[in-house]
Amino acid sequence: MANKVTVKIYGQEYTIAGDESEETIRKIAEYVDEKMHIISRVAGESGQGNIGILSAINIAEEYFDAQAKVDELTKAKTKLENDSKYYQKMWEDAKQNYAKYQESMKNMQSMHEEENSKVEELQTKCNEYENAFFDLQMENIRLKSELDKLKQ
């Protein structure tokens, strides 16, 4: 759907057809007109053809500068995307390591609780053996005492 727009550039009317909107075509034409007027003020009135060529060169220079900037920004964007992927992978790895660490800590806590339970059981048995040993010593003393009485 080509739009036809009549514009005035450097004093002459042109009918421009394009796929862009009428507003965009007018904006482009105004830009070219403005560049031609600026060039004519700087270069003097050295012929419309020369002003057109100088304006085209000036606009082409702006285009190439803008294209270089776009290329630079594209490279920066690619680098940022790669950096982002790298840091996302690091984040995922860190989350996995943290989950493993938590699981390991749960296992260690469980083992610690089991070991504490075993220690308590052993302490209880030790107390029982101490009490039994004490009882045996007391019985031994009592029996020695009876034996001594019987000897007398």
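Is Glu139 buried, partly exposed or exposed? Glu139 counts as partly exposed, because its relative accessibility is 33% and the partly exposed class lies between 20% and 50%. This report describes a predicted model. It begins with the chain as a whole and then turns to charged residues.

## Overall layout

The chain contains two helices and two strands. Read from the N terminus, the elements follow the order β-β-α-α. The chain is more spread out than a compact globule, because its radius of gyration is 48 Å, well over the 15 Å that the globule rule gives for 152 residues. Along the principal axes, the C-alpha atoms fill a box of roughly 150 × 35 × 15 Å.

Helix 1 covers residues 22-43, and helix 2 covers residues 48-151.

## Surface and contacts

Of the 152 residues in the chain, 9% are buried. The accessible surface of the chain is about 13,200 Å², and carbon and sulfur atoms account for 56% of that surface.

Contacts between residues at least 6 apart in sequence can be sorted by separation. Within this set, 23% join residues at least 24 apart.

## Charges in the chain

There are 21 positive and 30 negative side chains in the chain. The centres of these two sets lie 3 Å apart. Side chains of opposite charge can pair when their charged atoms come close. In the whole structure, a search finds nine salt bridges. Three of them are described below, one in helix 1 and the others in helix 2.

## A pair in helix 1

Arg26 and Glu22 form a salt bridge through their side chains, with an N to O distance of 3.1 Å. The two residues are four apart in helix 1, so about one helical turn separates Arg26 from Glu22.

Both ends of this bridge can be placed by accessibility. Arg26 is partly exposed, at 34% relative accessibility. Glu22 is also partly exposed, with a relative accessible area of 42%.

## Pairs in helix 2

Lys89 and Asp93 meet in a salt bridge whose closest N and O atoms are 3.1 Å apart. They are four residues apart in helix 2, so the separation between Asp93 and Lys89 is about one helical turn. Asp93 is partly exposed at 30% relative accessibility, whereas Lys89 is exposed, with a relative accessible area of 52%.

Further along helix 2, Arg142 and Glu139 form a salt bridge, and their closest N and O atoms are 2.4 Å apart. Here the spacing is three residues, so about one helical turn lies between Arg142 and Glu139. Arg142 counts as partly exposed at 37% relative accessibility, and Glu139 counts as partly exposed at 33%. Glu139, Arg142 and Glu146 belong to one network, joined by salt bridges that share partners.

## A buried charge without a bridge

Asp33 lies in helix 1. Which side chain of opposite charge is nearest to Asp33? That side chain is Lys8, at 8.7 Å. Asp33 is buried and has no salt bridge. A salt bridge requires a side-chain nitrogen within 4 Å of a carboxyl oxygen, so the side chain of Lys8, 8.7 Å away, does not form one with Asp33.

Leaving out residues up to four places away in sequence, Asp33 touches Lys8, Ile9, Tyr10 and Gly11. Lys8 is therefore in contact with Asp33, where contact means heavy atoms within 4.5 Å, although Asp33 has no salt bridge.

Note on methods:
Residues numbered from 1 in each chain as written. Predicted model: local features only at pLDDT ≥ 70, side-chain atom pairs only at ≥ 80, totals over all residues. Heavy atoms only, no water. Buried < 20%, exposed > 50% of the residue type's maximum accessible area, 1.4 Å probe, protein only. Lys, Arg positive; Asp, Glu negative; His and termini not counted. Rg over C-alpha atoms; globule rule 2.2 N^0.38 Å. Areas by Shrake-Rupley, 256 points an atom, 1.4 Å probe, with all protein chains shown as cover. Charge placed at Lys NZ, Arg CZ, Asp CG, Glu CD.
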